[in-house]
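Please look over the structure below before reading on. The report then takes up its sheet, a helix beside the sheet, and the core.

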Amino acid sequence: MAGIWCFPTAPQLSFPSLKKLNGPRCCSETPKYNKKKDMPTPSFLKIAVSGLTEILRLFSSTPTRVDVVSDVETDEVSISCIDDILDVLKSDYEKEYFVTGSFTPEVYVDDCIFEDPTIRFRGKALYSRNLNLLVPFFDQPSIRLQQIKKGNDCDKDFVVASWKLRTYLKLPWKPLICIDGSTVYDLNNDYQIVRHAESWNISAVEAIGQIFTPTFRSTGN
């Protein structure tokens, strides 16, 4: 995910419109995770997250999976329909790509848009680099796929997935990050992902604030 953030009592994830996703939804709005949390993120917060990401990137020399993919032999990914994309995304969730950095870049266009409530940028190589920057900070991470569906909106195909993220961060105060969220994957006519957009069950301000909330664990955990 483009930005990572605890909500121990998160509400049950619900997509009221999922029953309609396999049928036409012409000119309807792309589904959101939680309307009441769909509020503008303060500009200063987006600037701060972008700045922190740039600082981490400057001090990191770890190559990204996209950078090295041409140097290793990989299985060819063949995509001819939306069901193929669905299978690839299910496989990536099984690999917990949000917290491992292991995803399938071949199904994304090079200038794919990635966004969450804290940040928005373009480029799958940059997304891979951001994931690799975050992964070393995770402690006992897990992300569980709750539901994944395909849909069509004004003749544009998309996939929407709901998930639960839980991880501690390797910081002295051991913050616990818990988010219920969703990701919408917008597709082009070749069934490549052109937009990867996350929604969370909490606001960006709440999410960032939780990074500074200490937790206490026994040494055996």
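What follows describes a predicted model, beginning with the sheet.

**The sheet**

Six strands form an open sheet in the order β2-β1-β6-β5-β4-β3, and the pairing is mixed. β2 (119-122) and β3 stand at the edges with a single partner strand each, so one side of each has no neighbour in the sheet. On average, neighbouring strands of this sheet are turned by 15° against each other, direction ignored.

Three of the strand pairs are set out here.

| Strand pair | Sense | Bridges | One bridge pair |
|---|---|---|---|
| β3 (138-153) and β4 | antiparallel | 13 | Asp153 and Lys156 |
| β4 and β5 (176-187) | antiparallel | 11 | Leu165 and Ile179 |
| β1 and β6 | parallel | 4 | Tyr108 and Ile193 |

Strand β4 (residues 156-169) is mostly covered, with 10 of its 14 residues buried. β4 also takes part in two hairpins. The hairpin of β3 and β4 has 2 residues between the strands, and Cys154 there takes a positive phi near 55°. In the hairpin of β4 and β5, 6 residues lie between the strands, and Lys174 in the turn has a positive phi of about 50°.

**Helix α3**

Which strands does α3 lie across? They are β1, β3, β4, β5 and β6, and α3 runs at about 170° to β3. The 13 residues of α3 should span 18 Å at 1.5 Å a residue, and this agrees with the end C-alpha atoms, which are 18 Å apart.

The buried residues in α3 are Ile82, Ile85, Leu86, Val88, Leu89, Asp92 and Tyr93. Because they cover an arc of only 165° around the axis, they are on the same side of α3. An α-helix has 3.6 residues a turn, so residues three or four places apart point the same way. The cover over the buried residues of α3 includes α4 (97-100), β1 (108-116), β3, β4, β5 and β6 (193-200). Just after α3, Glu96 has a positive phi of about 55°.

A further helix, α5 (residues 124-134), lies across β1, β2, β3 and β6, at about 50° to β1.

**The core**

The largest nonpolar core has 36 residues, and Tyr108 and Tyr185 have the most contacts inside it. Helix α3 (residues 82-94) gives the largest share of this core, 6 residues. Leaving aside residues up to four places away in sequence, Tyr185 touches several residues, among them Leu89, Tyr93, Tyr108, Phe158 and Ile193. In soluble globular proteins, nonpolar side chains tend to be buried together.

Note on methods: Residues are numbered from 1 along each chain as its sequence is written. This is a predicted model: local features need pLDDT of at least 70, side-chain atom pairs count only at pLDDT 80 or more; totals for chains, interfaces and linings use all residues. Side-chain values use heavy atoms; hydrogens and water are left out. Buried means under 20% relative accessible area, exposed over 50%, partly exposed in between (1.4 Å probe, protein chains only). Two strands pair if DSSP finds at least two bridges between them. A nonpolar core is a set of buried Ala, Val, Leu, Ile, Met, Phe, Trp, Tyr and Cys residues joined through side-chain atoms within 4.5 Å. Contact means heavy atoms within 4.5 Å. The expected span of a helix is 1.5 Å times one less than its number of residues. The arc is that of the directions from the helix axis to the C-beta atoms. Axes are lines fitted to C-alpha atoms, for helices over the stretch in contact, and angles run from 0 to 180 degrees between N-to-C directions.
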